[in-house]
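Visitor: Could you take me through the disulfides in this one, up close? I'd like to hear how each is built and where its cysteines sit.

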Amino acid sequence: QDLRILLEMAYPERAQPKSKWADTKWVWAGLRKTKNNEEKKAGPYNSGDWEWADGSNPADFYKWMRHQPDQASLKKGKKGCDETRCYQNQMRINHHGHWDDTWKFKTHPYACDYRGKYVLSNEPKTWVQARAACTEAGLHLAKVRNMEEVEE
């Protein structure tokens, strides 16, 4: 099913906190930035720097929120960062189908891709834990290939 429909079923918009950044308004998908993560200032979006959990690149389709991805960074000890430096290089999707890059240590529900359909888990996990849970089930974190999958 469409990710927006699944999110609405699991976390009805009317029951959500008003902030668009509330953790329950997002679900992990399988896109992450795998190249050029340590740049001082984020450059324009380059799909070649990003990779789906199955190893493919996002190609021509993307649906980033305005001014995203911003690829911010944190020093160790700030807001949950337990590495020398943490970068916003994992992608999450909101109720409206918009993408945002965020920290891998954040916890969100997640969606696995099953033959082009989505299986949603409402158990909050980090991006790494969500990827492992999908892999354990023989699946990948969700992959959004085109606008039809966002708006079905």
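Guide: Cysteine 112 and cysteine 134 are joined in a disulfide, with 2.0 Å between their sulfur atoms. Keep in mind that this is a predicted model, so treat the geometry here as computed from it. The pair ties together distant parts of the chain: cysteine 112 belongs to strand 7 (residues 108-114), while cysteine 134 lies in helix 2 (residues 127-136), and 22 residues separate the two. Look along the S-S bond and you'll find a torsion of -85 degrees, which makes the link of cysteine 112 and cysteine 134 left-handed. As for surroundings, cysteine 112 and cysteine 134 are both buried.

Now for the other bridge, since the structure has 2 disulfides. Here cysteine 81 bonds to cysteine 86, and their sulfur atoms are 2.1 Å apart. The torsion about the S-S bond of cysteine 81 and cysteine 86 comes out at about 90 degrees, so this disulfide is right-handed. What about burial? Cysteine 81 has a relative accessible area of 5%, and cysteine 86 has 4%. Buried means under 20%, so cysteine 81 counts as buried, and so does cysteine 86.

To put the two bridges on one map, number the bonded cysteines of the protein chain in sequence order: the pairing then reads 1-2, 3-4. So when you click through the model, you have a right-handed link at cysteine 81 and cysteine 86, and a left-handed one at cysteine 112 and cysteine 134.

Note on methods
Residues are numbered from 1 along each chain as its sequence is written. This is a predicted model: local features need pLDDT of at least 70, side-chain atom pairs count only at pLDDT 80 or more; totals for chains, interfaces and linings use all residues. Side-chain values use heavy atoms; hydrogens and water are left out. A disulfide is a pair of cysteine sulfur atoms within 2.5 Å. Buried means under 20% relative accessible area, exposed over 50%, partly exposed in between (1.4 Å probe, protein chains only). Helices (H or I, at least four residues) and strands (E, at least two) are DSSP runs, numbered from the N terminus.
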